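User: I am new to this structure and would like to understand the reasons behind the terms used for it. Please set each value against its criterion.

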Number of protein chains: 2
Amino acid sequence: MGALDEGHFNGELKDNGVKINKCFKEEESESIRNIKEAVKVLLQGLGEDSNREGLKKTPLRVAKALTEGTRGYKQNVKDIVQGALFPEAGLDKAVGLAGGAGGLVVVRDLNLFSICESCLLPFQVKCHVGYVPSEERVVGLSKLSRVADVFAKRLQSPQRLADEVCSGLQNGIRPDGVAVVLQCWHIHSPEAELNSASPNSNSSKHDMEGWEKILVSSSSGILGNQNGDFWADFVSLLKFRGVDVEKARNQTLINHHWCPYRPLDVVCNGHSAPKNPLTHRVSCKTESPLLAMQNAVSMMIQSLGEDPSRKELAGTPHRFVQWLMNYKKCDLEMNMKMNGFGSVHVQDEFRSELNIQLQSLCEHHLLPFHGVVHVGYFHSKGVEPIKRSVLQSIVHFFGCKLQVQERLSRQIAETVSSILGGDVMVVVEANHICMISRGIEKVGSSTATIAALGRFSNDPKAKAVFLNSISNATAA
Amino acid sequence: MGALDEGHFNGELKDNGVKINKCFKEEESESIRNIKEAVKVLLQGLGEDSNREGLKKTPLRVAKALTEGTRGYKQNVKDIVQGALFPEAGLDKAVGLAGGAGGLVVVRDLNLFSICESCLLPFQVKCHVGYVPSEERVVGLSKLSRVADVFAKRLQSPQRLADEVCSGLQNGIRPDGVAVVLQCWHIHSPEAELNSASPNSNSSKHDMEGWEKILVSSSSGILGNQNGDFWADFVSLLKFRGVDVEKARNQTLINHHWCPYRPLDVVCNGHSAPKNPLTHRVSCKTESPLLAMQNAVSMMIQSLGEDPSRKELAGTPHRFVQWLMNYKKCDLEMNMKMNGFGSVHVQDEFRSELNIQLQSLCEHHLLPFHGVVHVGYFHSKGVEPIKRSVLQSIVHFFGCKLQVQERLSRQIAETVSSILGGDVMVVVEANHICMISRGIEKVGSSTATIAALGRFSNDPKAKAVFLNSISNATAA
């Protein structure tokens with residue numbers, strides 16, 4: 001949350017020592033204003049009050065983050081590459097390939113982010129790019145990354161992204177050949193998360209586990225033949241970094257669209273709106289607010305400089321709204337009572353449930369955050385402990401609305417406490433997509449929050465027992 | 001290389017849809033022009049021709065990268081935090097700490113870069129920051145990262161950086177307490193690299209191995225007591241991510257200055273110029289060009305908005321120039337002949353030397369790149385193979401000048417080939433500080449280049465044997 005409010009935007013400009021706030025605000029207004037209006041429609045559709053404190057600036061934050069996240073539409077390869085081609089000799093006397101004539105150059109493990117054209121959610125990319133210099137010139141290494149980023153900062157599918165990076169470099173540098181391999185990860189739907197989590201698993205989860213993943217490649221020139229020797233060299237250099245292109249490729253299902261919001265039938269039918277099991281929750285509402293939301297998303301797409309009627313984007317507003325409606329505000333309160341629990345009992349046995357899957361939506365950016373919840377509590381001996389599936393439901397209930405992690409932790413703790421009678425501690429660990437995909441791009445950062453109720457708030461030993469149990473499970 | 005030429009700078013501004021190139025260039029000119037002049041003096045001192053193609057734009061690139069890398073001097077915490085404080089309730093009825101009142105919030109694993117005030121080389125930081133909200137308000141998570149970055153983008157020592165981030169957040173957010181832990185890595189000197197590399201080690205090296213590392217912390221408010229319960233919670237949450245604060249702290253030597261260019265005696269004496277074993281190489285030259293270089297560095301520091309007479313910066317120009325002179329151009333040619341080798345022999349036995357340590361200086365940014373070199377060759381049966389120490393010397397010789405990785409690979413291959421008679425292949429794998437510390441900030445990216453001579457350039461099997469041998473060693 002908070003990655004891209006006004007402070008950030010002005011800050012970036014000030015970095016260069018130029019005060020241009022005034023002219024910036026004038027020029028910015030048109031597309032930003034359109035997107036802001038669209039976001040207000042979406043918040044309304046979610047049943048939220050866009051004037052409440054936490055949401056007041058959300059339309060502006062989303063508009064700026066989205067504009068920044070699609071800046072590639074305003075960039076071109078030529079501007080980046082020109083002035084960064086350097087003369088570099090090849091071999092003087094010997095026979096072979098080296099330096100600026102034939103010596104393969106590969107930059108590996110470039111972390112990028114792109115936006116899925118099927119659902120508008122960000123996806124994470126590890127990009128590996130190589131080229132074979134010709135005519136005794138090489139390109140500045142960072143330009144390979146920057147050219148890749150031009151195409152990543154657009155609405156994309158993995159294969160189109162690979163193809164565009166490849167042809168962009170081939171045309172921009174004119175080398176003997178270009179090779180691109182992308183490893184891409186797409187966030188799952190909350191429903192898929194919930195269903196796939198093994199019910200009794202207390203084990204630690206890898207950050208990217210459960211994400212849809214895919215490996216794609218594209219190549220041209222003397223690297224174009226993926227059975228050839230140059231391609232084999234490229235693949236070998238990736239293997240040094242643990243990337244096994246052949247193995248990953250074999251694991252990729254061919255007839256399976258990677259975006260979880262775009263099932264197979266939609267891919268085959270093209271334009272038609274998806275017939276998706278997730279749809280029914282949305283379609284039982286009245287249609288008009290949903291249509292208004294979809295139209296708002298179309299306007300957002302147009303404001304970014306894309307054509308909402310492009311084939312691949314035809315179903316996108318529908319899918320995005322469908323996904324967003326998972327986080328519709330509901331006025332239900334969670335009231336639970338369980339037999340055998342209550343504050344009258346002596347609660348002396350410590351128990352914990354670790355790594356309960358979480359997915360939620362940051363109310364400052366309308367972007368997902370996801371991770372795990374650990375719950376510790378004391379309960380009466382001889383009484384059956386609270387079921388993991390009940391805790392999972394509580395986490396899911398509070399995850400499925402606009403949130404901030406601090407509030408989510410408190411709400412889970414309060415609800416569990418209302419069942420179990422007071423002594424409850426909750427630790428939430430989550431990765432915030434808004435921290436890594438836009439603005440500050442802090443890959444690998446992770447946020448932890450604590451809510452400690454009753455005994456856990458004033459008995460350091462109780463707290464330590466719980467925190468150690470998480471530590472041990474994480475290490476194992 | 002190539003991270004920050006004009007294209008990049010203009011590109012960043014264009015991202016916001018504003019054309020301000022004109023006013024930007026006017027305002028930019030003063031400090032940029034001063035730094036450009038200083039860099040020209042440095043290039044001259046290195047014996048380089050600043051008009052040769054690869055160096056033409058180096059002064060501009062360095063000036064812009066340095067300005068960008070110290071943008072923190074122009075930023076302040078208040079601008080960042082204001083507008084990002086959100087009301088967030090604490091517990092309603094229950095006793096305890098949660099949400100906006102007492103619920104610890106920690107953001108872990110923020111990758112940052114800073115500049116060592118002792119030697120002007122960048123150092124890498126993994127920042128972990130936490131705070132305890134008070135008065136029912138929380139701060140946008142990304143602001144913790146952005147505030148840390150304000151202080152990282154200045155000339156720093158690890159401890160001062162931790163202290164400034166801590167007090168910046170304490171004053172900016174006014175929470176109940178703030179805690180900061182920084183893990184910092186400082187690049188080694190080329191001499192230290194060379195001497196520490198175990199002579200027969202063929203094993204793969206971790207990217208950060210051999211770097212100076214240190215863990216520092218700072219805390220305030222209820223987190224100020226590092227024997228207290230709140231600090232214990234903070235440390236526990238870091239442990240979940242594999243950061244053992246106590247263990248790391250015990251491993252940090254107390255009377256040891258972490259910057260390898262600032263040995264203990266200098267720390268104790270304060271102002272005096274360092275008496276350093278590395279100095280003699282520099283001091284046997286005439287003094288005046290060195291003094292001119294040091295004055296140029298002082299001017300650079302001043303142009304960035306710092307005071308070159310500040311106690312900690314007093315010896316910095318000396319140390320920076322001393323380090324830079326490791327890469328002085330030398331007109332020596334490497335001529336080697338070894339007994340028993342020559343192209344007349346039938347060379348049928350494949351051999352390789354892997355993971356030879358490399359450190360060099362990118363001629364586009366005057367920033368280090370470092371990594372390993374793998375050399376494969378065929379040699380005659382019954383003849384003693386080339387010694388690893390000889391290959392290490394060749395790598396060191398070509399590393400110790402302004403370079404690009406493509407050229408370095410070719411030069412090493414050509415030299416080894418001149419000794420061994422033709423069939424040589426060289427793979428260089430390196431991390432470029434300019435790719436990760438400034439501009440595009442691609443942490444973890446790594447560049448591989450290939451030079452394949454003689455049989456290796458036209459016999460795919462020979463090449464595959466060598467590449468597989470690297471792959472196997474890397475995996476092991």
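User: Why is helix 5 of chain A called oblique to helix 6 of chain A?

Analyst: In this predicted model, the axes of helix 5 (residues 141–152) and helix 6 (residues 158–173) of chain A come within 9 Å and cross at roughly 135°. An angle over 145 degrees would count as roughly antiparallel, and 65 to 115 as roughly perpendicular. The crossing angle of roughly 135° falls in neither range, and therefore helix 5 of chain A is oblique to helix 6 of chain A. The crossing is right-handed.

User: Which residues make the contact between these two helices of chain A?

Analyst: Helix 5 of chain A contributes A:Leu144, A:Val147, A:Ala148, A:Phe151 and A:Ala152. From helix 6 of chain A come A:Leu161, A:Glu164, A:Val165, A:Gly168, A:Leu169 and A:Ile173. These residues divide into 9 nonpolar, 1 polar and 1 charged. Glu counts as charged and Gly as polar, so A:Glu164 and A:Gly168 account for the charged and the polar residue.

User: What makes helix 5 of chain B oblique to helix 6 of chain B?

Analyst: The axes of helix 5 (residues 141–152) of chain B and helix 6 (residues 158–173) of chain B come within 9 Å, with a crossing angle of roughly 135°. That angle makes helix 5 of chain B oblique to helix 6 of chain B. Helix 5 of chain B passes helix 6 of chain B in a right-handed crossing. On the side of helix 5, the contact involves B:Leu144, B:Val147, B:Ala148, B:Phe151 and B:Ala152; on the side of helix 6, it involves B:Leu161, B:Glu164, B:Val165, B:Gly168, B:Leu169 and B:Ile173. The division here is 9 nonpolar, 1 polar and 1 charged.

User: How many disulfides are there over all chains?

Analyst: The count comes to 0 disulfides over all chains. B:Cys116 illustrates the rule: the nearest cysteine sulfur, that of B:Cys119, is 3.8 Å away. A disulfide requires sulfur atoms within 2.5 Å, and therefore B:Cys116 is in no disulfide.

User: Why does B:Cys116 count as buried?

Analyst: Its relative accessibility is 1%. Buried means under 20%, so B:Cys116 counts as buried. A:Cys362, with a relative accessible area of 2%, is buried as well.

User: How do you know whether B:Leu358 is buried or exposed?

Analyst: B:Leu358 has a relative accessible area of 1%; the limit for buried is under 20%, so B:Leu358 is buried. B:Leu358 lies in strand 9 (residues 349–362) of chain B. Leaving aside residues up to four places away in sequence, B:Leu358 touches B:Phe369, B:His370, B:Gly371, B:Val372, B:Val373, B:Val395, B:Gly399, B:Leu408, B:Val428 and B:Ala430.

User: Why is B:Glu135 called exposed, and why is B:Glu136 called partly exposed?

Analyst: B:Glu135 has 64% relative accessibility; exposed means over 50%, so B:Glu135 counts as exposed. B:Glu136 has a relative accessible area of 43%. Partly exposed covers values between under 20% and over 50%, and therefore B:Glu136 is partly exposed. B:Glu135 is in the loop between strand 4 (122–132) and strand 5 (137–139) of chain B, and B:Glu136 is in the loop between strand 4 and strand 5 of chain B. Phi is positive at B:Glu135, about 55°, although B:Glu135 is not a glycine. For B:Glu136, also a residue other than glycine, phi is positive and near 55°.

Methods
Residues are numbered from 1 along each chain as its sequence is written. Chains are lettered from A and ligands numbered from 1 in the order in which they are written. This is a predicted model: local features need pLDDT of at least 70, side-chain atom pairs count only at pLDDT 80 or more; totals for chains, interfaces and linings use all residues. Side-chain values use heavy atoms; hydrogens and water are left out. Axes are lines fitted to C-alpha atoms, for helices over the stretch in contact, and angles run from 0 to 180 degrees between N-to-C directions. Helices (H or I, at least four residues) and strands (E, at least two) are DSSP runs, numbered from the N terminus. Angles under 35 degrees count as roughly parallel, over 145 as roughly antiparallel, 65 to 115 as roughly perpendicular and the rest as oblique. A crossing is left-handed if the near helix is turned anticlockwise from the far one by less than a right angle, and right-handed if clockwise. Contact means heavy atoms within 4.5 Å. Buried means under 20% relative accessible area, exposed over 50%, partly exposed in between (1.4 Å probe, protein chains only).
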